[in-house]
Amino acid sequence: MRSQALPGGRAASAPILGHDTEPTIFEMSVAGRSAFQLRTTGVPATSLDELVPSEHRNPEVIALAEVSERDLVGHFTRLSHRQFSVDLGAYPLGSCTMKYNPKFCDAIAADPGLNSVHPGAPAELVQGWLELLVTLEEKLCVITGMSAATLQPAAGAAGELTGLLLMRAYHEANGDARKRVLIPDSAHGTNPASVTLGGYEVTTIPSNERGLVDLEALKAALGPDVAGIMLTNPNTLGLFEEEITEIATAVHDVGGLLYYDGANLNAILGVVRPGDMGFDIVHMNLHKTFATPHGGGGPGAGPVAVSARLADFLPGPKATRGVGGAFEWSTPSSSIGRVHGWHGNAMVLARALAYIDVHGGDGLKRVAQHAVLNANWLRHRLRDTLPAAYDRVCMHECVLSASNLKSKYGVRGLDVAKALLEEGFHSPTVYFPLIVDEALMFEPTETESLQTLESLAEAIERIAQRAIDDPEALRHAPQSTPVSRVDEARAARHLISTEDAAGR
Amino acid sequence: MVAKFLPRLFLFPSYERQSDVADYLPHTTEDLEEMLGFLGMDSLEQLFAHIPAAVRLTQGLDLEPGQTEPDVAEVFARYTRANKAQATNLTCFAGAGAYDHEVPAVVKMLGSRSEFVTAYTPYQPEVAQGVLQAIFEYQTVVSRLSGLPIANASLYDGATALVEALNMASGANGRSKMVISSGVHPHWRQVARTFARGTGHDIVEVPLVDGVTNWGSVDVSGASAIVASYPNYLGVLEDLSVAKSLATSHDALFVLGADPVAAGVLKTAGQWGADVFVGEGQPFGTPLAFGGPYLGLFACTLDQIRRLPGRIVGETVDSNDRRSFVTTLRAREQDIRREKATSNVCTNQTLMAVTAAIQLGWLGTNGLREVATRCAQGAHFLCDEALKIDGVTAASSQPFFREFALRLTRNATEVLSRMAGDGVLGGLAVSALTGGDDVSVHSGIENVLLVTVTERRTREQIEHYVDVLRKAVNS
């Protein structure tokens with residue numbers, strides 16, 4: 001290592017190690033305590049009995065927790081201390097792109113000039129929002145090489161389903177709804193689930209020995225009933241589909257469309273564009289590629305961009321440049337309709353635009369380059385410890401395999417992932433893609449430093465040594481975390497999903 | 001003098017900043033060289049050499065170069081200045097699922113703790129007890145407010161929660177006819193129609209008469225779900241026993257979209273006999289935010305649990321017998337069940353769910369009742385005053401809760417425009433919500449104005465509203 005600097009992304013010193021159970025807020029509740037304070041309005045305090053007919057009134061009082069503000073703050077602060085996060089340490093959870101989320105973008109979204117605006121206000125009163133949305137749409141089209149986009153879908157899976165409905169609308173407009181959508185066996189689970197909801201049947205295409213779509217199998221599966229193919233490129237193995245042009249030609253030759261799952265778009269920003277590869281429909285996960293915070297599992301945003309021949313089918317209404325310089329809402333001529341209650345996850349959209357503007361075209365390319373560099377460095381660094389499933393240049397993530405640890409010492413990929421938590425790092429994605437034995441999918445992201453990567457690699461080497469020295473202990477890792485391994489079977493067998501079901 | 005500073009010059013050798021743009025990347029030039037050297041490469045471009053040259057970009061992206069944060073902030077300041085409808089400029093009387101409720105500093109601060117904000121889906125429960133327990137507490141309050149035992153960990157918004165409810169119904173009984181009251185929010189109905197393109201659901205919308213669903217006007221036979229809204233989008237409190245008995249007699253699921261704030265004092269979905277409750281959770285701690293991210297509330301009866309969409313958190317113990325929380329019943333989900341999953345939902349709206357749990361912790365039993373009551377008091381006070389204006393009548397004679405529709409003698413969009421000039425966002429034009437004619441309003445829909453009052457509106461603001469409305473309608 002060039003310098004003596006210590007890693008910035010290792011969380012082993014963080015006070016996330018409390019062992020006492022945090023009571024639920026309901027267990028802390030004491031009748032008569034309260035925290036709320038409301039505005040003094042001077043509105044006549046007419047009895048509810050006079051305003052609402054009795055047959056509509058709940059005869060019972062709905063009990064919520066009754067706590068002081070101090071106890072509320074204590075409770076949720078302690079809960080936050082039992083939670084790993086990107087701000088705490090490196091989070092190499094493959095496929096999820098847990099990169100650093102710039103605080104500036106959060107500050108942009110906290111501005112009342114954006115976040116106190118009612119979504120139903122007339123267009124003349126929300127010109128700034130409309131301009132922001134139009135600008136974002138235009139930039140996303142530049143980045144993906146597409147013609148037009150909808151910003152409504154609230155997450156990647158919502159974007160997928162929207163894209164499939166666009167595919168359906170396009171084929172139906174040509175008098176030919178078609179039946180099947182092709183999906184590689186390495187695809188995310190959302191792909192097949194979305195295909196079903198789009199009214200299509202899934203045909204699974206096997207991967208070849210290089211981890212890529214088997215072109216011959218693909219051609220054999222093609223036919224006039226194929227509506228299209230959904231591809232992630234780079235795919236979920238972190239590998240670029242090198243025969244993409246041949247795939248595109250084959251699918252287009254039977255009248256099918258190419259759907260680009262943008263889960264891994266962050267790997268190719270400024271390097272290659274889905275539109276130039278022949279894709280017709282592209283969804284983006286703004287929370288991944290453009291670093292909006294993942295919120296513990298959302299909100300995301302999943303805009304869908306399309307080529308010119310699909311633009312008229314996009315959801316509406318959408319913000320557009322009107323004549324005379326004003327912005328307005330308009331609905332494309334053959335729109336499939338709304339896919340969100342309002343205009344999409346607007347605050348996520350604003351953050352993404354701020355991120356794009358800070359980076360610019362040059363910065364976005366560096367994002368992809370450094371993400372790919374980090375993943376390849378880690379893959380190569382660990383080549384003797386956890387060999388890659390496909391050992392060649394990868395993109396933004398690498399799928400390593402713990403199959404040798406399993407066969408030699410009975411230590412599974414899950415055990416390695418769990419032990420990593422004790423080392424101050426979040427686990428990689430485990431057991432995905434399904435086609436790799438004991439898969440450990442690492443996505444270090446571009447915002448982790450060389451020192452942090454080295455520290456991560458050393459932690460994995462220590463775990464591999466533990467697998468030799470004391471595999472039994474490894475199977476019980478982690479122990480220093482807020483809880484140890486949990487009984488998932490019990491949770492499913494005796495479902496307790498509320499305080500009331502717990503009988504407390 | 002010069003000699004005195006020489007040692008410092010040696011300590012800090014020449015520093016030349018290459019660019020004003022810092023883009024959050026930690027790699028120094030030396031790091032890049034070392035890392036590329038380790039890989040046997042001499043340029044970053046080499047990492048992409050396996051991508052066919054034919055599809056690779058030769059120029060960079062056609063975007064402006066990166067700018068510094070303060071420079072980008074100036075661009076955004078231009079956007080915010082052009083948003084005349086921000087709450088500090090226009091007093092908000094608009095609702096339709098998006099309400100201007102009090103969000104106190106304590107909820108904003110706790111909800112923006114970076115441990116909640118910058119985590120992802122709790123796949124590793126050992127280090128995700130914070131989010132998992134907060135979701136468990138959220139599920140508890142959604143269950144209590146809905147009067148139904150099972151609540152999921154959140155969906156995107158109210159509209160998409162309705163779509164999931166329809167999918168649950170067709171999964172339960174194998175039918176595809178969805179009978180939906182036109183009292184359901186127009187956007188929700190539009191979203192349901194969009195997704196029906198894929199599922200093949202037959203959406204039957206039931207007209208309103210005087211703001212009340214005229215269930216008898218449509219053929220309900222063979223229905224998979226009967227869908228109503230409480231209050232309906234025009235604010236009316238309908239007698240839901242009609243919808244419930246229809247659902248029972250046709251063996252359909254009764255799906256109820258309900259205002260979760262009103263649920264603080266009104267009968268719950270469970271008390272009305274609903275099988276599924278869906279709602280828009282924005283009122284619980286989420287700002288107006290131009291429509292998103294919001295929060296899709298979803299709860300159901302026990303017998304639908306295997307068809308539940310999205311995630312659910314359950315309580316269990318760890319290997320040291322300590323209480324723990326974990327996502328459970330995972331076999332329904334897309335990453336395991338793939339094309340046979342109950343839903344394609346992966347990322348949901350967890351941060352909004354956590355925020356809702358915090359907000360409801362802040363409100364407590366009495367706070368929620370107080371908010372609901374004050375909304376109703378303000379709405380009725382404003383309605384009574386507005387109806388004294390010549391040219392303003394009630395669009396429905398039915399009881400309402402916190403929102404109501406007024407019929408004006410002139411175009412509601414024009415009236416809103418005039419009111420904005422006097423500092424008031426006077427509500428929403430119903431025709432803008434419906435996108436034109438709709439079976440929820442019989443005639444003259446363009447003259448109907450939807451008005452809401454939250455606990456944040458003072459008597460002074462309401463009286464100003466009435467003055468401004470009078471002027472806008474009659475001048």
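Me: In what order do the 7 strands of the open sheet in chain A run?
Reply: Keep in mind that this is a predicted model. The sheet is open and its pairing is mixed. At its edges stand β1 (148-150) and β3 (201-205) of chain A, each pairing on one side only. Reading across chain A, the order is β1-β7-β6-β5-β4-β2-β3.

Me: And how far are neighbouring strands of this sheet turned against each other on average?
Reply: Here we're back with the mixed, open sheet of chain A. Ignoring direction, the average turn between its neighbouring strands is 25°.

Me: Which residue stands opposite Asp261(A) in β6(A)?
Reply: Strand β5 (residues 257-262) of chain A runs parallel to strand β6 (residues 281-284) of chain A, and 4 bridges join them. Across from Asp261(A), in β6(A), we find His283(A).

Me: At about what angle to β6(A) does helix α7 of chain A run?
Reply: Helix α7 covers residues 156-173 of chain A. The helix lies across β1, β4 (226-232), β5, β6 and β7 (304-306) of chain A. Its angle to β6(A) is about 165°.

Me: In the hairpin of β8(A) and β9(A), which residue takes a positive phi?
Reply: Strands β8 (residues 318-321) and β9 (residues 327-330) of chain A pair in the antiparallel sense over 4 bridges. Arg321(A) sits opposite Phe327(A) in β9(A). The hairpin has 5 residues between the strands, and the one with a phi near 85° is Gly324(A).

Me: Is Thr77(A) buried, partly exposed or exposed?
Reply: Thr77(A) belongs to helix α3 (residues 69-80) of chain A. Buried would take 20 or more other C-beta atoms within 10 Å, and exposed would take 12 or fewer. Thr77(A) has 14 such atoms within 10 Å, so this residue is partly exposed.

Me: How far apart in space are Thr77(A) and Asp253(A)?
Reply: In sequence, 176 residues separate Thr77(A) and Asp253(A). Taken C-alpha to C-alpha, the distance between Thr77(A) and Asp253(A) is 58 Å.

Me: Which helix gives the most to the side of chain B that touches chain A?
Reply: On the chain B side 181 residues are in contact, and they meet 177 residues of chain A. By class, that side of chain B has 88 nonpolar, 58 polar and 35 charged residues. The biggest contributor, with 23 residues, spans 350-386 of chain B: helix α11.

Me: Which residues have the most contacts inside the largest nonpolar core?
Reply: In general, nonpolar side chains tend to be buried together in soluble globular proteins. Here the largest nonpolar core has 330 residues. Ala225(B) is one of those with the most contacts inside the core, and beyond four places in sequence its contacts include Leu166(B), Met178(B) and Val255(B). The full list is Leu166(A), Ile281(A), Leu349(A), Ala225(B), Ile226(B) and Val255(B).

Me: What separates the centres of domain 1 and domain 2 of chain B?
Reply: Domain 1 of chain B takes in 91-102 + 365-474, while domain 2 of chain B is 105-358. Their contact uses 29 residues from domain 1 and 28 residues from domain 2 of chain B. Taken over C-alpha atoms, the centres are separated by 27 Å.

Me: Which element supplies the largest share of the side of domain 1 of chain B that touches domain 2 of chain B?
Reply: α11, β14 (403-408) and α13 (430-434) of chain B each supply at least two residues of this side. By class, the side has 16 nonpolar, 8 polar and 5 charged residues. The largest share is 6 residues, and it comes from α11(B).

Me: Which strands stand at the edges of the open sheet of 4 strands in chain B?
Reply: The order is β13-β14-β17-β16 (chain B), and the pairing is antiparallel. Each edge strand has a single partner, so one side is left without a neighbour in the sheet; the two are β13 (392-394) and β16 (428-429) of chain B.

Me: What is the bridge partner of Glu403(B) in β17(B)?
Reply: β14(B) pairs with strand β17 (residues 448-452) of chain B in the antiparallel sense over 5 bridges. The partner of Glu403(B) in β17(B) is Thr452(B).

Me: About what angle does the direction of α11(B) make with that of β14(B)?
Reply: α11(B) packs on the sheet and touches β13, β14 and β17 of chain B. With the direction of β14(B), that of α11(B) makes about 10°.

Me: How much of chain B counts as buried?
Reply: Chain B has 14 helices and 17 strands. Its C-alpha atoms fill a box of roughly 90 × 60 × 55 Å along the principal axes. Of its 475 residues, the buried share is 62%.

Conventions: Residues are numbered from 1 along each chain as its sequence is written. Chains are lettered from A and ligands numbered from 1 in the order in which they are written. This is a predicted model: local features need pLDDT of at least 70, side-chain atom pairs count only at pLDDT 80 or more; totals for chains, interfaces and linings use all residues. Two strands pair if DSSP finds at least two bridges between them. Axes are lines fitted to C-alpha atoms, for helices over the stretch in contact, and angles run from 0 to 180 degrees between N-to-C directions. Two residues are in contact if their C-beta atoms, placed from the backbone, lie within 7 Å. Ala, Val, Leu, Ile, Met, Phe, Trp, Tyr, Cys and Pro count as nonpolar, Asp, Glu, Lys and Arg as charged, and the others, Gly among them, as polar. A nonpolar core is a set of buried Ala, Val, Leu, Ile, Met, Phe, Trp, Tyr and Cys residues joined through C-beta atoms within 7 Å. Domain bounds come from an automatic or database domain assignment.
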